[in-house]
Amino acid sequence: EKCTSQACECAPDMFGSKCDTNIRKAWFYYPEADAKSLAAFEEQWDVPLWNELMSELDVLQRSNCSTQRVHFGLIGANAKGAGLASTLRYMTGYLSDAYAENKGFMFAGRLNYAGTRSCKARNQLGDIECFLQPLSGCTQEREQAFARYRNPNARNNRCMRNVIGTRCTSMQPYLQKKIPEKYSKQGNFWWRSAMLSYLMRLSDATEEWLSLEQLKADIGFKHPIIGVHVRHGDACHTTTRKGTCSGLSTYMQDIEAMSERYNTTRVYLSTDDEAVVREARQNTKYQFVINQQMNRKVLDSAVQIEYRRNLWDGSSDIGHGIALSTFQDVLLLAEADYLILHLLSNMSRMALELSAARRHRLVPFSSKDGPWCAHWRMCEDRFDLS
């Protein structure tokens, strides 16, 4: 690294006052929190370069509408869709690849989580724009592309069946094997945070649905605060994590360490398990902040949420509540000052990336199950992890 009296210029994906934390390998990061250190970390982030990338994306996403890269599919295995965080993760890869070709990216496929009565009432059934601002500024072309979607199982579907198997010829992902040279010095975490931040711009309707400021006031979300992600929903019954999910007690050592290091006892608890909520309520040492408006019972299922077709046929808003509660959890975690996460979970990855994007620095964190993005191709394939 190169150091001045103000800050060190770290190698790509290296963080800290001495550039000694590799985000692609680290299970924890407990940096200094004084004002001088925080200012140095923000300088390392290079906010002017970040703003330049955001401006470039704005231009690309509104230019050359006839040549934008279009994705028509239903992201996920077996043509059933994927989790909300996983879907957004794939889309950041597509956005990145389009940028590498100096093109805009247009998503004309479907999102299970938008298959709700509220989205249908807005004439946006299955449309990710039910929740997010339009990604492409080519409104007419996008409407035409969206109308060309075909069910992955339909005989007349000539495009993508699923993202893991056959892909559309117009949207082969993972082409970009390295970050564009202009931004390469910042590293992959910075780049992925930028792609996600650009994608995750909430629509006005979603802002109104979420009412985050009112929610924070209602539940007592105040700074400084530790954010803890305890994932216990469908993934604990239906995926490779089956039987491996633990109670709140296994997180207490991390909470205690973070609390002592940064002098706060306030903890925002992000969990889909009522049993974990009850366990937190019994703890008197820490002030657990919990979203009681969230319907956690609907998440306790032997079938993955995105595969429960009755939630996504436009007939109910149960799925709408699931989607909004997911956005609430991710955004509140991202607003926390310190994080205890599951970095093998895309939801935790999103929280860490969005947190860094909003603060222009990597926040203190610890992970219960591994480093950031070690096993997803859009991170792993671009670098030698040895």
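This briefing describes a sheet, several helices and the nonpolar cores of one structure. The model is predicted. Its open sheet has 6 strands in the order S5-S12-S11-S8-S9-S10, and the pairing within that sheet is mixed. The largest nonpolar core has 80 residues, and apart from it lies another core of 19 residues.

**The sheet and its edges**

- Strand S5 (28-29) and strand S10 stand at the edges of the sheet, each with a single partner strand, so one side of each is left without a neighbour in the sheet.
- At the S5 edge, S5 and S12 pair in the antiparallel sense over 2 bridges, and Phe28 has Ser366 of S12 as its bridge partner.
- At the S10 edge, S9 and S10 run parallel and are joined by 4 bridges, with Leu269 having Ile290 of S10 as its bridge partner.
- Between S9 and S10 the chain passes through helix H11 (residues 274-281), and this β-α-β crossover is right-handed.
- Strands of a sheet pair through backbone hydrogen bonds, and the pairing can be either parallel or antiparallel.

**Strand S8 within the sheet**

- Because 5 of the 5 residues of S8 are buried, this strand is largely enclosed by the rest of the structure.
- The burial holds for both faces of S8, with Ile226, Val228 and Val230 buried on one side and Gly227 and His229 buried on the other.
- S8 runs parallel to S9, to which it is joined by 5 bridges, and in this pairing Ile226 stands opposite Val267 of S9.
- S8 also pairs with S11 in the parallel sense, over 3 bridges, and here Gly227 stands opposite Leu339 of S11.

**Helix H10, with one side covered by strands**

- In helix H10 (residues 252-262), the buried residues are Met252, Asp254, Ile255, Met258, Ser259 and Tyr262.
- These buried residues cover an arc of only 160° around the axis, which puts them on the same side of H10.
- An α-helix has 3.6 residues a turn, so residues three or four places apart point the same way.
- On the other side of H10, Gln253 and Glu260 are exposed.
- The cover over the buried residues of H10 includes strand S8 (226-230), strand S9 (266-271), strand S10 (287-290), strand S11 (338-341) and strand S12 (365-367).
- After H10 comes Asn263, which has a positive phi, near 60°.

**Helix H5**

- In helix H5 (residues 139-147), Arg142, Ala145 and Phe146 are the buried residues.
- Seen down the axis of H5, these buried residues fall within an arc of 100°, so they line one face of the helix.
- Gln140, Glu143 and Ala147 are exposed on the other side of H5.
- Among the elements that cover the buried residues of H5 are strand S6 (69-71) and strand S7 (105-107).

**The nonpolar cores**

- Within the largest nonpolar core, which has 80 residues, Leu53, Phe131 and Leu352 touch the most other members.
- Leaving aside its neighbours within four places in sequence, Leu352 is in contact with Ile23, Phe189, Leu339, Leu341, Leu343, Leu362, Val363, Phe365 and Trp372.
- The other core, of 19 residues, lies apart from the largest one and includes Ile226, Val228, Ile255 and Val276.
- Of the residues named in that other core, Ile226 and Val228 are buried on one side of S8, while Ile255 is one of the buried residues of H10.

**Two buried helix residues**

- Glu335 lies in helix H12 (residues 318-335), and because its relative accessibility is 11%, Glu335 counts as buried.
- The side chains of Glu335 and Lys216 are joined by a polar contact of 2.5 Å.
- With its neighbours within four places in sequence left aside, Glu335 is in contact with Lys216, Phe221, His223, Arg358 and Arg359.
- Tyr90 lies in helix H3 (residues 84-100), and because its relative accessibility is 10%, Tyr90 counts as buried.
- Tyr90 and Ile75 are 15 residues apart in sequence, and their C-alpha atoms are 7.8 Å apart in space.

Definitions and conventions:
Residues are numbered from 1 along each chain as its sequence is written. This is a predicted model: local features need pLDDT of at least 70, side-chain atom pairs count only at pLDDT 80 or more; totals for chains, interfaces and linings use all residues. Side-chain values use heavy atoms; hydrogens and water are left out. Buried means under 20% relative accessible area, exposed over 50%, partly exposed in between (1.4 Å probe, protein chains only). The arc is that of the directions from the helix axis to the C-beta atoms. Contact means heavy atoms within 4.5 Å. A nonpolar core is a set of buried Ala, Val, Leu, Ile, Met, Phe, Trp, Tyr and Cys residues joined through side-chain atoms within 4.5 Å. A polar contact is a pair of N or O atoms within 3.5 Å; within protein, one must be able to donate a hydrogen and the other to accept it, and residues adjacent in sequence count only if both atoms are side-chain atoms. Two strands pair if DSSP finds at least two bridges between them. A crossover is right-handed if, with the strands pointing away from the viewer, the path from the first strand over the helix to the second runs clockwise.
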